[in-house]
Amino acid sequence: AQLPENLLALEKELRIYYSVYRSKITKEYSNTSIDSSKIAKYENELFNLYRKQDSLIKTLEKNYPKYHQLKYQDGIIAVSEIQQQLDDKTTILEFFTRDSITYAFTVSKNDISVQELAIPQLTEQIETFQKSIVSRDLIAFKQKGYNLYHQLIQPVSDKLVGDRLIIIPDESLWHLNFELLLTQKESSNNPKNLSYLLKDYAISYANSANLLFASFDDSLHQKVRQECLAFSFSDSTQIAENRAISLTTLRDTGMDLPGTREEIRAISNIVNGQYYYGSQAIEANFKKNAGNYNILHLALHGEVDNERPENSKLYFTKSKDTLEDNLLYGHELFALDIPAELTVLSACN
């Protein structure tokens with residue numbers, strides 16, 4: 001949110017002093033002999049801190065509305081407000097998991113319900129399912145895919161209205177590919193013919209219903225952005241070409257385009273924008289331009305670090321002279337303002 005250091009420092013300082021004086025008051029009340037003059041002094045300090053905090057919040061609201069909105073406007077949206085924004089073809093399926101019990105909440109335009117699901121060893125089941133995908137163990141995949149569907153989706157299937165499903169997971173369910181769950185026991189050994197849940201529903205995910213449906217100030221997002229920013233990876237520092245090209249130009253080019261460039265030319269038939277490849281497909285160009293586009297398409301190599309996810313990374317083209325290392329790490333994304341509505345990762349892993 002581009003908040004200056006002095007305001008961040010002040011916000012932290014107020015939080016620390018508030019904690020200090022609250023602790024002093026609590027400690028004084030725990031004494032055998034309570035000194036009311038000390039308590040009055042501490043409460044007076046707290047009052048002054050509240051005034052400073054109010055002043056800070058007003059400054060943030062006026063000058064840094066995006067930060068203020070995300071941090072201080074923490075109201076909870078009502079179910080009725082969510083239902084007003086749903087059409088008759090969409091259902092929200094939100095999970096809440098504790099120990100061996102999972103609760104499944106379904107919200108559609110005209111209905112809300114909750115179902116208690118007793119699912120033993122849910123985390124272990126999901127891990128086994130994920131391993132079957134990676135190892136391409138079709139027998140285990142079919143068994144676990146149907147079992148998880150039978151335990152998670154089938155009990156609430158009569159509450160799923162329409163063919164669009166917004167899933168809000170919890171705990172280990174964040175690691176489950178709901179699209180790949182199987183809606184029936186399978187005899188076929190052809191992966192193309194299996195009864196994937198994605199054949200019945202267009203599935204999307206959200207972090208919370210509150211973030212998805214709460215009304216945010218549209219004026220914060222009025223910056224006009226271009227359509228699509230695309231990158232493709234080149235595994236060499238000896239690249240003769242030094243190119244960035246508009247997608248409209250790429251659309252009509254007659255040159256032979258291998259692999260990922262052919263993929264991006266197909267995209268150019270749908271949207272306009274800018275395409276970086278060869279020696280221009282570097283991390284610095286991504287960071288400089290990522291905030292200016294509605295769609296990001298990254299046809300790059302990727303590497304997932306399951307033990308430390310923040311160290312997962314995307315590989316940009318190597319460059320001899322650059323301030324960046326051309327490895328875009330997960331933790332770097334937290335420092336970037338990327339308002340894109342869609343990001344496509346077209347990567348090996």
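Reader: How many bridges pair β2 with strand β3, and in which sense, parallel or antiparallel?

Author: Two strands count as paired if DSSP finds at least two bridges between them, and strands are DSSP runs of E with at least two residues, numbered from the N terminus. In this predicted model, β2 and strand β3 (residues 111-118) pair in the antiparallel sense over 8 bridges, and one of the partnerships joins Thr-106 to Ser-113 in β3. Residues are numbered from 1 along each chain as its sequence is written, local features need pLDDT of at least 70, and side-chain values use heavy atoms, with hydrogens and water left out.

Reader: How many residues lie between β2 and β3 in their hairpin?

Author: The hairpin of β2 and β3 has 2 residues between its strands. A hairpin is also formed by β1 and β2, again with 2 residues between them, and Asp-99 in that turn has a positive phi of about 55 degrees.

Reader: Which strands are joined to β1 by bridges?

Author: Strand β2 (residues 101-108) runs antiparallel to β1 and is joined to it by 7 bridges, with Thr-102 in β2 as the bridge partner of Thr-97, while Glu-94 stands opposite Phe-105 in β2. Strand β4 (residues 164-168), by contrast, runs parallel to β1 (residues 90-98) and is joined to it by 5 bridges; here Ile-92 has Ile-166 in β4 as its bridge partner.

Reader: Where do the side chains of a regular strand point?

Author: In a regular strand they alternate between the two faces of the sheet.

Conventions. Predicted model: local features only at pLDDT ≥ 70, side-chain atom pairs only at ≥ 80, totals over all residues. Helix = DSSP H or I, 4+ residues; strand = E, 2+ residues; numbered from the N terminus.
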